[in-house]
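Here is a short report on one protein chain. Please look at its fold, its main pocket and one buried position.

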Amino acid sequence: GDLDAVETLANSGLDVYAHNVETVERLQKFVRDPRAGYKQSLSTLEHAKKVKTNRTERPLYTKTSLMLGLGETDEEVIQTMKDLR
C-alpha cells in the first residue's frame, strides 16, 4: 500500500518488481494478512510500472505469484489473469 515506497523501488534500477497476489480475489481473506488485499496488490503492480521515470533504460518488468489448489475455480483463475493483464 505505500505507493511512495513502490515508486522508490521502481526507480531504483531494478529489472523486475515482484509482488505476490497470492490467490484469487474470493479467497484473499482466508490466505492473506488482513492488511493486504487483492485490489491493493493489483494497484501496487500497476503503480510500479506507471512511475518508472527513466524510459530510456530497459523497461521495468513486474511479476507476481498465485497459489493454486485452495478451492478456486477455473473461472476465478482466468479472471485473476485478466485482472493482472
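The report covers the fold, then the pocket, then one residue.

This is a predicted model, in which local features need pLDDT of at least 70, side-chain atom pairs count only at pLDDT 80 or more, and totals for chains, interfaces and linings use all residues. Residues are numbered from 1 along each chain as its sequence is written, and side-chain values use heavy atoms, without hydrogens and water.

**Fold.** The chain has four helices and two strands. Their order along the sequence is α-β-α-α-β-α. Helices (H or I, at least four residues) and strands (E, at least two) are DSSP runs, numbered from the N terminus. The C-alpha trace spans about 45 × 25 × 15 Å along its principal axes. Of the 85 residues, 28% are buried, meaning under 20% relative accessible area with a 1.4 Å probe, protein chains only.

**Largest pocket.** Three elements give two or more residues each to its lining:

| Element | Residues |
|---|---|
| α3 | 38-50 |
| β2 | 61-63 |
| α4 | 74-84 |

Helix α3 gives the most, with four residues. The lining includes Leu-42, Glu-46, Lys-63 and Arg-85.

**Thr-80.** This residue lies in helix α4. Is Thr-80 buried or exposed? Thr-80 counts as buried because its relative accessibility is 2%. Leaving aside neighbours within four places in sequence, Thr-80 is in contact with Val-24, Glu-25, Tyr-38 and Leu-66. Contact means heavy atoms within 4.5 Å.

Note on methods: 1 Å grid on protein atoms, 1.4 Å probe; cavity = no way out; pocket = protein on both sides within 12 Å on 5 of 7 lines; lining within 4 Å. Buried < 20%, exposed > 50% of the residue type's maximum accessible area, 1.4 Å probe, protein only.
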